[in-house]
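User: I'm new to this one. Could you walk me through how to read the ligand's surroundings?

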Amino acid sequence: MSRIVYVDGAYVPEEEAKISIFDRGFLMADGVYEVTSVLGGKLVDFEGHAVRLERSLTELGIAVTLSRDTLLDIHRELVKRNNIHDGLVYLQITRGSDGDRDFVFPNPETTSPTVVMFTQSKPGIMQSPASKTGIKVISIDDLRWGRRDIKTVQLLYPSMGKMMAKKVGCDDAWMVQDGFVTEGTSNNAYIIKDGKIITRELSNDILHGITRAAVLRFAQEAQMEIEERSFTIDEAKDADEAFVTSATTFVMPVVELDGAAIGSGTPGPVATRLREIYLDESLKAAI
Ligand code: PDD
């Protein structure tokens, strides 16, 4: 059975899905996206993703054409039609196509955004092998643009960063700007020192992770100490533990940075506990 995807109001088999070659998402990376995880057939943190989506669209002056309720209905319909137990829903909204290529934005009165959504099935994602062993990261310069708080589809540099890591037998890259870690290629970055969770403060330099917000809330509720500030690669190498968060990896321990073991070189107790709490609470709150 082929996957059913959503394109501009229609549910179609993926082979039949079509968008224009003039779509600005394709030509200019003029679009935004969200990734919402599905656990036990339900959506994790849907509200947070919907709010961030609206913010991303508004920041770029792309019209918000779908209400939160409609978006929720489409997410649920896709999960149902594709029989997703564990996995994710990917959503992308671009500025659309006015039938040609031009740097000038098309008139929003006559050109409406393109909305595309599809699912990915990831059975057993909660028990992923990487979460047991931890992942290895390298550090690279952060060469992205200055509005990383907007979740745009400009993912070429993060993708190149992931390939740089793979090339040297690692899993991911932490990006560094002015001597401080910004974030991972597709996740937020954390270190733990003397029991304190340290992660970069929110600004235009990083994506305001929905998982980050949830994990920090759960950590606070569990009386853990949190410091939102920038940290360096040297500080990270000297940390007791490290981890990353995202909608697809949840809380993922990081055990090696630029070839140096972090702490014991195995997933630490704080990251392991945070992953458990995050998954427990997310399963309970999923809709
Ligand atoms: N990436 N930082 C960056 C650069 C990201 O791309 C992501 C998410 C995050 C974590 O955000 P959240 O917790 O809301 O998923 C941080 C998604 C998962 C992706 O590109 O697939």
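User: How many residues surround the ligand, and which are the closest?

Analyst: A residue is near a molecule if one of its heavy atoms lies within 4 Å of it. Here 20 residues surround the ligand, and the closest are Tyr-33, Arg-52, Glu-183, Ile-210 and Thr-211. Bear in mind that this is a predicted model, where local features need pLDDT of at least 70, side-chain atom pairs count only at pLDDT 80 or more, and totals for chains, interfaces and linings use all residues. Residues are numbered from 1 along each chain as its sequence is written, and side-chain values use heavy atoms, with hydrogens and water left out.

User: Which polar contacts does the ligand make?

Analyst: A polar contact with a ligand is a pair of N or O atoms within 3.5 Å. An N or O atom in the Arg-52 side chain is 2.8 Å from a ligand oxygen, while a polar side-chain atom of Lys-151 lies 3.3 Å from a ligand nitrogen.

User: Where does the ligand lie relative to the domains?

Analyst: Domain bounds come from an automatic or database domain assignment. Domain 1 (4-123) and domain 2 (130-285) both give residues to the shell, so the ligand lies between them.

Technical notes: Polar contact = N/O pair within 3.5 Å; in protein donor to acceptor, adjacent residues only side chain to side chain.
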